[in-house]
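Reader: I should like a close look at one part of this model, namely its salt bridges. Please set them within the fold as a whole.

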Amino acid sequence: PRHFVCPITHMCMREPVVAADGHTYERAAIERWLRTHDTSPMTGAKLLHKHLTPAISLRQLIGEFRAA
């Protein structure tokens with residue numbers, strides 16, 4: 001499903017996190033992005049912060065999908 005796909009890597013996420021822009025990304029991909037940017041890779045808008053929140057429910061859904 002497309003909501004399991006990271007907008008940066010275009011691959012199914014393994015460790016999804018939510019950024020300040022409200023979008024979900026693969027942790028490693030957004031961490032790489034945030035090393036050199038303070039903007040959203042989706043909107044280009046400046047991020048209020050660089051804290052990432054684990055998307056636990058999404059990670060569980062992806063895990064179930066992969067196991068099926």
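Author: The answer begins with the overall fold, turns to the salt bridges one by one, and ends with two further residues.

The model is a predicted one. The protein contains two helices and three strands, and from the N terminus the order of these elements is β-β-α-β-α. Along the principal axes, the C-alpha atoms occupy a box of roughly 40 × 20 × 15 Å. The radius of gyration is 12 Å, which agrees with the value near 11 Å that a compact globule of 68 residues would have. Of the 68 residues, 26% are buried. Where contacts join residues at least 6 apart in sequence, 40% of them link residues at least 24 apart. The exposed surface of the protein comes to about 4,600 Å², and 57% of that area is supplied by carbon and sulfur atoms.

The charges form the background to the part requested. The protein carries 9 positive and 6 negative charges, and the mean positions of the two sets lie 3 Å apart. Counting a side-chain nitrogen of Lys or Arg within 4 Å of a carboxyl oxygen of Asp or Glu as a salt bridge, the protein has three salt bridges.

Two of these bridges involve arginine 27, and they are described together. Arginine 27 forms a salt bridge with glutamate 15, with 2.8 Å between the closest N and O atoms. This pair links distant parts of the chain, since arginine 27 belongs to helix H1 (residues 27-36) while glutamate 15 lies in the segment before strand S1 (16-18), and the two are 12 residues apart. Glutamate 15 counts as partly exposed because its relative accessibility is 37%, a value between the limits of 20% for buried and 50% for exposed.

Arginine 27 also meets the side chain of glutamate 31 in a salt bridge, at 3.4 Å from N to O. Here both partners, arginine 27 and glutamate 31, are in helix H1, four residues apart, or about one turn of the helix. Glutamate 31 has a relative accessibility of 33% and is therefore partly exposed. Taken together, Glu15, Arg27 and Glu31 are linked in a network of salt bridges. The network thus includes a pair within helix H1 and a pair that links helix H1 to the segment before strand S1.

Another salt bridge joins aspartate 38 and lysine 46, whose closest N and O atoms are 2.5 Å apart. The accessibility of each partner can be stated as well. Aspartate 38 is partly exposed, because its relative accessibility is 35%. Lysine 46, by contrast, counts as exposed because its relative accessibility is 61%.

Two further residues complete the description. Histidine 10 is in the segment before S1. Its phi is near 60 degrees, a positive value in a residue other than glycine. Histidine 10 counts as exposed, since its relative accessibility is 61%. Glutamine 60 is placed in helix H2 (residues 56-67). With a relative accessible area of 46%, glutamine 60 is partly exposed. The C-alpha atom of glutamine 60 is separated by 18 Å from that of alanine 19, a residue 41 positions away along the chain.

Notes
Residues are numbered from 1 along each chain as its sequence is written. This is a predicted model: local features need pLDDT of at least 70, side-chain atom pairs count only at pLDDT 80 or more; totals for chains, interfaces and linings use all residues. Side-chain values use heavy atoms; hydrogens and water are left out. The radius of gyration is taken over C-alpha atoms; the globule rule is 2.2 Å times the number of residues to the power 0.38. Buried means under 20% relative accessible area, exposed over 50%, partly exposed in between (1.4 Å probe, protein chains only). Contact means heavy atoms within 4.5 Å. Accessible areas come from the Shrake-Rupley method with a 1.4 Å probe; for residues, only the protein chains shown count as cover. Lys and Arg count as positive and Asp and Glu as negative; His and the chain ends are not counted. The place of a charge is taken as NZ of Lys, CZ of Arg, CG of Asp or CD of Glu.
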